[in-house]
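Work through the exercises below with the sequence and the model open. Each task is followed by a solution in steps.

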Amino acid sequence: MAIAEQHTSSEAVQTSSDKSWHGIVLQTLKRNEISLIPYVPDRVLTPLIKNLHADPFFTTFATAREEEAVGIVSGAWMGGRRAAVLMQTSGFATLANVLASLAVPYQIPLIMFVSERGTLGEFNYGQSLVCRTMRPVLDSLALEHHTITRLDELEFIADRSIKQAVMTQAPVALILNPLLTGGKTFDK
């Protein structure tokens with residue numbers, strides 16, 4: 001079993017520098033000195049999460065809820081460390097209060113990578129509802145957000161958004177559309 005785990009870790013490290021969406025995100029985080037990555041597990045984000053765990057530059061761990069991850073990222077910023085949170089669209093639905101009462105008023109450059117569900121063949125009505133409300137919530141809080149659909153725009157948008165978030169000390173949401181990630185595959 002240890003051999004299988006070593007093999008998986010080696011593959012994860014090798015793919016982190018390639019031109020896959022998750023390889024680009026990892027390199028962009030590293031280039032911007034974002035080394036702490038709390039996340040809520042998500043099938044779409046699994047390749048990125050595995051690569052982050054395999055890279056010793058990052059401290060990466062699962063949290064129970066998205067609000068917990070936002071609290072950790074906020075504390076890290078106040079302590080002088082850059083961090084980002086990974087989540088799914090449905091998890092974003094729990095964040096309005098923590099965004100409005102912590103990240104925005106205390107000027108935390110909260111960098112959120114959100115795998116988008118609720119669109120392009122989604123079967124779960126709840127996911128669809130959250131997907132339709134996510135952008136209006138971001139707009140009502142005046143939070144910068146970008147939906148990334150193409151691999152050729154990912155690095156530019158992610159890099160510039162991270163730099164802007166840090167310089168303006170304001171949150172940003174990078175919504176990773178299924179056209180970019182391949183989305184969640186649904187078993188028949």
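**Exercise 1.** Which residue follows helix 2, and what is the sign of its phi?

Solution. Helix 2 is followed by E33, and the phi of E33 is positive, near 60°. Helices (H or I, at least four residues) and strands (E, at least two) are DSSP runs, numbered from the N terminus. This is a predicted model, in which local features need pLDDT of at least 70 and side-chain atom pairs count only at pLDDT 80 or more, while totals for chains, interfaces and linings use all residues. Residues are numbered from 1 along each chain as its sequence is written, and side-chain values use heavy atoms, with hydrogens and water left out.

**Exercise 2.** State how confident the predictor is, and where confidence is low.

Solution. pLDDT is the predictor's confidence in each residue, from 0 to 100. The protein averages 89, and 89% of the residues score at least 70. Over residues 1–17 the pLDDT stays under 50, and the model has 15 contacts for them beyond four places in sequence (contact means heavy atoms within 4.5 Å).

**Exercise 3.** Is helix 2 largely enclosed or open?

Solution. Buried means under 20% relative accessible area, exposed over 50%, and partly exposed in between (1.4 Å probe, protein chains only). Eight of the eleven residues of helix 2 are buried, so this helix is largely enclosed by the rest of the structure. The buried residues are W21, H22, G23, I24, V25, L26, T28 and L29. For the protein, 47% of the 188 residues count as buried.

**Exercise 4.** Describe the sheet from its strand order to the helices packed on it.

Solution. Begin with the order: six strands form an open sheet, 2-1-3-4-6-5, with parallel pairing. Two strands pair if DSSP finds at least two bridges between them. Next come the edges: strand 2 (59–62) and strand 5 (144–148) each have a single partner strand, so one side of each is left without a neighbour in the sheet. Neighbouring strands are turned by 20° against each other on average, direction ignored. Axes are lines fitted to C-alpha atoms, for helices over the stretch in contact, and angles run from 0 to 180 degrees between N-to-C directions.

Then take one pair: strand 1 (residues 34–39) and strand 3 (residues 82–88) run parallel and are joined by three bridges. In this pair, I34 stands opposite R82. Helix 4 (residues 66–78) packs on the sheet, where it touches strand 1, strand 2 and strand 3, and its direction makes about 170° with that of strand 3.

**Exercise 5.** Which residues of the largest nonpolar core touch the most other members?

Solution. A nonpolar core is a set of buried Ala, Val, Leu, Ile, Met, Phe, Trp, Tyr and Cys residues joined through side-chain atoms within 4.5 Å. The largest has 27 residues, of which L29, L86, F113 and L154 touch the most other members. Among the elements that each supply at least two residues of this core are helix 2, strand 1 and helix 8. Not counting residues up to four places away in sequence, L154 touches W21, I24, V25, I148, L176 and L180.

**Exercise 6.** How many aromatic pairs does a search of the whole structure find?

Solution. The search finds one. Rings of Phe, Tyr and Trp (its six-membered ring) pair if their centres lie within 6.5 Å; planes under 30 degrees apart count as stacked, over 60 as edge-to-face and the rest as tilted. The ring centres of F57 and F58 are 5.0 Å apart and the planes are at 85°, so the pair is edge-to-face. F57 counts as partly exposed at 33% relative accessibility, and F58 counts as buried at 6%.
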